[in-house]
Amino acid sequence: TAAGYNGVQALGRMWEWVKLVAPTQTYNLLLSQDRYSRTALQQAVEKSHIKVAEKLWGWAKRKLNTYYLKSVLFLPEDSCGFSTWYYAIREVRTDIIQKLWSWAEEMQLTADEIKTNLFLAVDRDGNSAIYWAACTGSIELLETIWGLSKEMQLNTDELSKLLVAAWHKAATEGYLEMLERLWLWVGEVQQYPHDLKRRMLLDQNKDGKSVWHVAAEYGHIKVLEKLWGWAKGVQIEQKQLRDKLFLEEHQDGRFACHLAVKGENVEVSDNLLGLSEEAQIKADDIRTAMFLARDRHGQTAWHLAVKKTKIVALEKLLDWAKKLQLNPDEVRNKLLLDEEEDGRPAWFLAAKSGNVKLLEELWLLARQKGNTKEINSNLLLAQNEYGETALHVAAEGSVVVLEKMWAFAKEAQLNVDELKNKLLLIKDKYGYTAWHRAAVKSNWVALEILWSWAKEVEL
């Protein structure tokens, strides 16, 4: 506790007490661990308390032999897979890293021990020290780790692995300057750098995403533009670029456009469209990736836009559909009728979201076609695989959406029989009406509204 809270004086006092009452137990203080398997030294480094760390190391050198210094105090990992070295990196403390490096030299760690435990070791999530350096966004820290790696004469393959690990994380975080630095370092590692550079642009990370995917998902437009320039510089084939930008799925089955919409970064897809024109990618390929393709949950980009309740995303998708000259009927059908994996079209998702404006936007789109009968059967009266209508879904949530549904039903000229038997009394597969669903959620305002409608249609 004293180590974690920068209690230098408290540590000194406790050390003297233990020496006084149980001098043979002082080494236990240095080697003991908390419930997360962290020693006092690790706690001090994690909290960036360099004076505490120096004090503990001084005592350790006097009390412990080299074996204990190395294998118990300096190199082991805690229950999260983090060593003392990792904590220094995560706290962005180059001064502590330099201090730890000097201690490694004092203990005369072999080159293999240093390489294996400091540079190539990974935590339980499979991330190395340079990955954590990239997480911080600190160029100085990254340069420190890179310089020490080269000093230890890691071979070409080992240095390449370090570069790739940092590269994907820097792209995810949008650290453009760090990406540029890593791109330059490839020339220091490889005699023929184009091969590694192509791999960095085309390979996927452990989550199944390429740098194109992560840049699209997190809205890093400048990163996308820089990647595009580099791709042309290393002569990546047009087909490979097309696949990376539009047709390659990551492990959830999502394309770059899916990820852009999911991450609420729709402006990224504007950038993707611009790049597609430059790469002369066929309109059919873009249509497939942006509008027709489904992820492994059966969702298209339309579903994701509606799920995120983003009007701007929906409007942007409609705008792109016009640019790509999609058939208006195909757009309406895809957006309004196409079901995701659990049988819910975008209309149901909008009803569940409680976003009235989004629901109105979809209604206007449906009304453009002008076929009232089709609207009634496919939107207002349609049931998904659970037997739910949109009214069932609305009854559980937003009262405003519920009232809007009734207004739509009137506008679509549903007759009294349809209002009664196909909206108010229709049961889902569990035997629940909209009335039941509102009661289950204790939505008393919805119950009052449904009661007034029941009287209106003379149930």
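Of the contacts in this chain with a separation of 6 or more, 70% are between residues 24 or more positions apart. The model on the screen is a predicted one. This tour begins with the whole chain and then proceeds from one selection to the next.

**The whole chain**

Display the chain as a cartoon. It contains 30 helices and zero strands. Colour the residues by accessibility next: of the 459 residues, 52% are buried. Then show the surface, where the chain exposes about 21,400 Å², with carbon and sulfur atoms supplying 47% of that area.

**First stop: helices H9 and H10**

Select residues 129-136, which form helix H9, and residues 139-151, which form helix H10. Two packed helices are described by the angle between their axes and the distance between the axes. For H9 and H10, the axes come within 8 Å and cross at roughly 160°. The two helices are therefore roughly antiparallel to each other, since an angle over 145 degrees counts as such. Their crossing is left-handed.

Now show the side chains where the two helices meet. On the H9 side, select Ile130, Ala133, Ala134 and Thr136. On the H10 side, select Leu141, Leu142, Ile145 and Trp146. Sorted by class, this contact has seven nonpolar residues, one polar residue and no charged residues.

**Second stop: from H10 to H11**

Keep H10 selected and add helix H11, residues 156-173. How far apart are the axes of H10 and H11, and at what angle do the helices pack? The axes are 11 Å apart, and the angle is about 165°. H10 is therefore roughly antiparallel to H11. H10 passes H11 in a right-handed crossing, whereas the crossing of H9 and H10 is left-handed.

For the side chains of this contact, select Leu142, Trp146, Ser149 and Lys150 in H10. Their partners in H11 are Leu159, Leu162, Leu163 and Ala166. The classes here are six nonpolar, one polar and one charged. Leu142 and Trp146 deserve a second look: both take part in the contact of H10 with H9 and in the contact of H10 with H11.

**Third stop: from H11 to H13**

Keep H11 and add helix H13, residues 193-202. H11 and H13 pack at an angle of about 35°, and their axes are 10 Å apart. H11 passes H13 in a right-handed crossing. In H11, select Ser160, Leu163, Val164 and Trp167; in H13, select Leu196, Arg199, Met200 and Leu201. This contact divides into six nonpolar residues, one polar and one charged. Leu163 of H11 appears both here and in the contact with H10.

**Fourth stop: lysine 206**

Move along the chain from H13 to lysine 206, in the loop between H13 and helix H14 (211-217). Is this lysine buried or exposed? Lysine 206 is exposed, with a relative accessible area of 54%. Select glycine 126 as well: the two residues are 80 positions apart in sequence, yet their C-alpha atoms are 8.7 Å apart in space.

**Fifth stop: glutamate 360**

Select glutamate 360 in helix H24, residues 356-369. Its relative accessibility is 30%, so glutamate 360 counts as partly exposed. Leaving aside neighbours within four places in sequence, glutamate 360 is in contact with Lys404 and Phe408. Add methionine 405, which is 45 residues away in sequence and 9.8 Å away from C-alpha to C-alpha.

**Sixth stop: aspartate 428**

Which part of the chain holds aspartate 428? It lies in the loop between helix H28 (416-424) and helix H29 (434-440). Aspartate 428 is buried, with a relative accessible area of 6%. Not counting residues up to four places away in sequence, aspartate 428 touches Tyr386, Gly387, Glu388, His392 and Arg437.

**Last stop: two backbone angles**

Most residues other than glycine have a negative phi, and most peptide bonds are trans. Select serine 37, whose phi is positive, near 65°. Serine 37 is in the loop between helix H2 (26-31) and helix H3 (40-46). With a relative accessibility of 26%, serine 37 counts as partly exposed.

Finally, select glutamine 413, where phi is also positive, near 60°. Glutamine 413 is placed in the loop between helix H27 (399-411) and H28. At 66% relative accessibility, glutamine 413 counts as exposed.

Conventions: Residues numbered from 1 in each chain as written. Heavy atoms only, no water. Helix = DSSP H or I, 4+ residues; strand = E, 2+ residues; numbered from the N terminus. Buried < 20%, exposed > 50% of the residue type's maximum accessible area, 1.4 Å probe, protein only. Contact = heavy atoms within 4.5 Å. Areas by Shrake-Rupley, 256 points an atom, 1.4 Å probe, with all protein chains shown as cover. Axes fitted to C-alpha atoms, helices over the stretch in contact; angles between N-to-C directions. Parallel < 35°, antiparallel > 145°, perpendicular 65-115°, else oblique. Left-handed = near helix turned anticlockwise from the far one by under 90°. Nonpolar A, V, L, I, M, F, W, Y, C, P; charged D, E, K, R; others polar.
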